[in-house]
Amino acid sequence: MEQNELSKTFKALGHPARIAILQFISSNPGCICNDMVKQIDLAQATISQHLVELRKTALITSSQRGKKVCYTINIDKLYEVKQLVGTFLQEPN
């Protein structure tokens, strides 16, 4: 189970645009897609597609504020991934 979880997470992190999006959201919690479009040199549709993939793995969360969808990093998920990586890559005794 842990291997499948890590694989899905690493796949989501395997695209440079998703890393850029995560970095942007980390620095700008509660941002919206249009904020990202202005800073990351990608089309709105492309960013939206990457946001969907990041949400599927629960690396980010979204909340509705009026007509806008705001994004934040899911800190609990990041800690979980860190723990899984640590467990998975333990040094041999």
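Buried means under 20% relative accessible area, exposed means over 50%, and partly exposed lies in between. The exercises below use these words for a predicted model.

**Exercise 1. Classify Tyr79 and describe its surroundings: is Tyr79 buried or exposed?**

Solution.
Step 1. Locate the residue: Tyr79 is found in helix H5, which covers residues 75–88.
Step 2. Read its relative accessible area, which is 55%.
Step 3. Compare this value with the cut-off: exposed means over 50%, so Tyr79 is exposed.
Step 4. Look at the surface around it. Tyr79 forms a nonpolar patch there with Ile75 and Leu78. Together the three have about 310 Å² of accessible area.

**Exercise 2. Describe the protein chain as a whole: how many helices and strands does it have?**

Solution.
Step 1. Count the elements: there are five helices and three strands.
Step 2. Put them in order from the N terminus: α-α-β-α-α-β-β-α.
Step 3. Give the extent. The C-alpha trace spans about 50 × 25 × 20 Å along its principal axes.
Step 4. Give the surface. Its accessible area comes to about 6500 Å², and carbon and sulfur atoms account for 51% of that.
Step 5. Give the buried share: of the 93 residues in the chain, 30% are buried.
Step 6. Consider the contacts with a separation of 6 or more. Of these, 53% are between residues 24 or more positions apart.

**Exercise 3. Work out how helix H1 is placed: which of its residues are buried?**

Solution.
Step 1. Check the length. H1 runs over residues 2–13, twelve residues in total. From its first C-alpha to its last it reaches 16 Å, close to the 16 Å expected at 1.5 Å a residue.
Step 2. List the buried residues of H1: Leu6, Thr9 and Ala12.
Step 3. View the helix down its axis. The buried residues of H1 fall within an arc of 125 degrees, so they line one face of the helix.
Step 4. Recall the general rule behind such a pattern. An α-helix has 3.6 residues a turn, so residues three or four places apart point the same way.
Step 5. Turn to the other side of H1, where Gln3, Asn4, Lys8 and Lys11 are exposed.
Step 6. Find the packing partners. The buried residues of H1 pack against helix H2 (16–27), helix H4 (44–56) and H5.

**Exercise 4. Find the salt bridges: which residues are linked in a network?**

Solution.
Step 1. Recall the principle: side chains of opposite charge can pair when their charged atoms come close.
Step 2. Search the whole structure, which gives three salt bridges.
Step 3. Take Lys77 and Glu5. Their closest N and O atoms are 2.1 Å apart. This pair links distant parts of the chain, since Lys77 is in helix H5 and Glu5 in helix H1, 72 residues apart.
Step 4. Take Lys77 and Glu80. Their side chains meet in a salt bridge at 3.7 Å, N to O. Both residues lie in helix H5, three residues apart, which is about one turn of the helix.
Step 5. Join these two pairs: Glu5, Lys77 and Glu80 are linked in a network of salt bridges.
Step 6. Classify the members of the network. Lys77 has 8% relative accessibility and counts as buried. Glu5 is partly exposed at 24%, and Glu80 is partly exposed at 38%.
Step 7. Take Glu53 and Lys56, whose closest N and O atoms are 3.2 Å apart. They are separated by about one helical turn, because they are three residues apart in helix H4. Glu53 is partly exposed, with a relative accessible area of 28%, whereas Lys56 counts as exposed at 61%.

**Exercise 5. Examine Thr57: which residues does it touch, leaving out those up to four places away in sequence?**

Solution.
Step 1. Locate the residue: Thr57 is in the loop between H4 and strand S2 (60–65).
Step 2. Classify it. The relative accessible area of Thr57 is 13%; buried means under 20%, so Thr57 is buried.
Step 3. List the residues it touches: Lys8, Thr9, Ala12 and Lys77.
Step 4. Compare with earlier results. Thr9 and Ala12 are among the buried residues of H1, and Lys77 also counts as buried. Lys8, by contrast, is exposed.

Key. Residues are numbered from 1 along each chain as its sequence is written. This is a predicted model: local features need pLDDT of at least 70, side-chain atom pairs count only at pLDDT 80 or more; totals for chains, interfaces and linings use all residues. Side-chain values use heavy atoms; hydrogens and water are left out. Patches are made of residues with over 30% relative accessible area and no salt bridge: like charges are joined within 9 Å, nonpolar side chains (Val, Leu, Ile, Met, Phe, Trp, Tyr) within 5 Å. Accessible areas come from the Shrake-Rupley method with a 1.4 Å probe; for residues, only the protein chains shown count as cover. A salt bridge is a side-chain nitrogen of Lys or Arg within 4 Å of a carboxyl oxygen of Asp or Glu. Helices (H or I, at least four residues) and strands (E, at least two) are DSSP runs, numbered from the N terminus. Buried means under 20% relative accessible area, exposed over 50%, partly exposed in between (1.4 Å probe, protein chains only). The expected span of a helix is 1.5 Å times one less than its number of residues. The arc is that of the directions from the helix axis to the C-beta atoms. Contact means heavy atoms within 4.5 Å.
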